[in-house]
Amino acid sequence: MKRIDKELEAKFAEKQKFDLLASLAIDALGMSTYLIPALGEGFDLLLAPVISGLIYAVHRTTFGAAFGFVEEIIPFTDIIPTASILWVYRYVFRKKQTRQQFADAFNKKKIIVIPVDE
């Protein structure tokens, strides 16, 4: 395996782990409103845009962000781990496509431009 392939795989594994931890934290934040029974569902109205923005920042999907927003707004649906479900979708069911998107972005950063004198 070439050095760049090893570096790519290491960076992909690091991103995968970061995204999992971020997804778990986002879901924990969304579920934390159950700790305050009387104010929980009202607080969800304030938390919904934050959760939606965090989901978009981690997973870069408007559908997932919109679903996270709706899930936070609807009463008693905070138990659904939306960000973690998106992580499983991306890194288990669509791992090949996710890896390819990551590789494309990674390779764009690694391109070396050598000026040519004419």
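The bend at a residue is the angle between two axes, one fitted to the seven residues ending there and one fitted to the seven starting there. I start with that because helix α2 has a kink of about 45 degrees at L46, shortly before the proline P49.

Some ground rules. What you see is a predicted model, in which local features need pLDDT of at least 70 and side-chain atom pairs count only at pLDDT 80 or more, while totals for chains, interfaces and linings use all residues. Residues are numbered from 1 along each chain as its sequence is written, and side-chain values use heavy atoms, with hydrogens and water left out.

Now the overall layout. The protein has 5 helices and 0 strands. Helices (H or I, at least four residues) and strands (E, at least two) are DSSP runs, numbered from the N terminus. Along the sequence the pattern reads α-α-α-α-α. Of the 118 residues in the protein, 31% are buried. Buried means under 20% relative accessible area, exposed means over 50%, and partly exposed lies in between, with a 1.4 Å probe and protein chains only. Contact means heavy atoms within 4.5 Å. Among the contacts with a separation of 6 or more, 68% are between residues 24 or more positions apart.

Back to α2. Its buried residues are G40, D44, L47, A48, I51, S52, I55, V58 and H59. As a general point, an α-helix has 3.6 residues a turn, so residues three or four places apart point the same way.

Which helices does α2 pack against? I will take two, α3 and α4. Two packed helices are described by the angle between their axes and the distance between the axes. Axes are lines fitted to C-alpha atoms, for helices over the stretch in contact, and angles run from 0 to 180 degrees between N-to-C directions.

First, α3. Helix α2, residues 40-59, and helix α3, residues 62-73, pack at about 160 degrees with their axes 8 Å apart. That makes α2 roughly antiparallel to α3. The cut-offs are under 35 degrees for roughly parallel, over 145 for roughly antiparallel, 65 to 115 for roughly perpendicular, and oblique for the rest. The crossing of α2 past α3 is right-handed. A crossing is right-handed if the near helix is turned clockwise from the far one by less than a right angle, and left-handed if anticlockwise. On the α2 side the contact is made by D44, L45, A48, P49, I51, S52, I55 and Y56, and on the α3 side by T62, G64, A65, A66, G68, F69, E72 and I73. By class, that contact has 10 nonpolar, 4 polar and 2 charged residues. Nonpolar covers Ala, Val, Leu, Ile, Met, Phe, Trp, Tyr, Cys and Pro, charged covers Asp, Glu, Lys and Arg, and the others, Gly among them, are polar.

Second, α4, which spans 82-93. The axes of α2 and α4 come within 11 Å and cross at roughly 15 degrees. That makes α2 roughly parallel to α4. This crossing is right-handed too. Here I55, V58 and H59 of α2 meet T82, A83, L86, W87 and R90 of α4. The contact of α2 with α4 divides into 5 nonpolar, 2 polar and 1 charged residues.

Next, the loops. What is the phi of R60, just after α2? R60 has a positive phi of about 55 degrees although it is not a glycine. R60 is found in the loop between α2 and α3, and it is exposed, with a relative accessible area of 60%. F76, in the loop between α3 and α4, also has a positive phi, near 65 degrees, and is likewise a residue other than glycine. F76 is exposed at 64% relative accessibility.

Last, helix α1, residues 3-31. D19 lies in α1 and is buried, at 1% relative accessibility. Leaving aside neighbours within four places in sequence, D19 is in contact with V58, W87, R90 and Y91. The C-alpha atoms of D19 and A83 are 9.3 Å apart, with those positions 64 residues apart along the chain. Q16, in the same helix, is buried at 16%, and beyond its neighbours within four places it touches W87, Y91 and K95.

From the other side, S84 sits in helix α4 and is buried at 15%. Apart from neighbours within four places, S84 is in contact with S23, L24 and D27.
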